[in-house]
Amino acid sequence: NLRLYGNGDAGRVALGVGPLAASFILPRLSREVLRTRPNLRLVTSINSGAQLLQDLLAGDIEMILANSWQFAAPPEILATPICSMDLAIVARVGHPLADKRAVSLADLQHYPAASAVDHSIADIPITAGGFVCENYHILMEAVLGSDCTWLTAPSLLADDIQAGRLCLLDVMDFQPLRNDLSIIRRRDQKLSPAADAIVDMVYEIFRSEIERA
């Protein structure tokens, strides 16, 4: 038992995950943990950055996987980069803007937007309606079945783009953005061997998926 714990093959890891990262990483991570480390117990909490930070400082979770910009302020927090993904505005194939050679931000304002957060992102003004949901897969279904647009990471949608279900909109006055994901933990606390094993799995999953995209 001591050997299992020391190797990270057993124990309990409490992981907080942001909405976008959760929808992408947790299905793959759960399969990998159950397949390769069946004695390890991974307990996940999906929530907003503010709530996850509160849980981390209270000791309820050991680490967080989320956008690092949400955790830049507290000096007691250490963020280790995992990956950086380009962001773009996507829509369903057949969307009224899909066939336009160039789209402006003003054009986007005539259509609702799907988002995981209830506020403007990247200075894109909110003038039309929209749908806010923390579940990535539900957001994708909303985009596929409506005329809403979605600011997200195309690398996570490679299968749907290649299959002709989703397309990238060429928004001429949209400044390039990147989504930086990090492992966030308390600076004064060393990760357990099991948590280190989870971090290695997360690195590998993101690396393989981004290379595939």
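Before I turn to the residues, let me fix one term: a residue is called partly exposed when its relative accessible area lies between the buried class, under 20%, and the exposed class, over 50%. With that in place, and keeping in mind that what we are looking at is a predicted model, Arg92 counts as partly exposed because its relative accessibility is 21%, and Asp147, at 28%, falls in the partly exposed class as well.

These two residues are worth taking together, since the side chains of Arg92 and Asp147 meet in a salt bridge, with 2.6 Å from N to O. The pair links distant parts of the chain, as Arg92 belongs to strand E4, residues 77-92, while Asp147 sits in the loop between H5 and strand E7, 55 residues apart.

The count for the model comes to 6 salt bridges, and among them is the one between Arg35 and Glu32, at 3.0 Å from N to O. Here the partners lie 3 residues apart in helix H2, residues 19-36, and are therefore separated by about one helical turn; Arg35 is exposed, at 62%, whereas Glu32, at 26%, is partly exposed. Another joins Lys100 and Asp107 at 3.4 Å, and Lys100 is partly exposed, with a relative accessible area of 38%.

Let me finish with helix H5, residues 136-144, in which Tyr136, Leu139, Met140 and Val143 are buried. Seen down the axis of H5, these buried residues fall within an arc of 100 degrees, so they line one face of the helix. At the N-terminal end of H5, Asn135 acts as a cap, with a side-chain oxygen 2.9 Å from the backbone nitrogen of His137.

Notes: Residues numbered from 1 in each chain as written. Predicted model: local features only at pLDDT ≥ 70, side-chain atom pairs only at ≥ 80, totals over all residues. Heavy atoms only, no water. Buried < 20%, exposed > 50% of the residue type's maximum accessible area, 1.4 Å probe, protein only. Helix = DSSP H or I, 4+ residues; strand = E, 2+ residues; numbered from the N terminus. Arc of directions from axis to C-beta. Polar contact = N/O pair within 3.5 Å; in protein donor to acceptor, adjacent residues only side chain to side chain. Salt bridge = Lys/Arg side-chain N within 4 Å of Asp/Glu carboxyl O.
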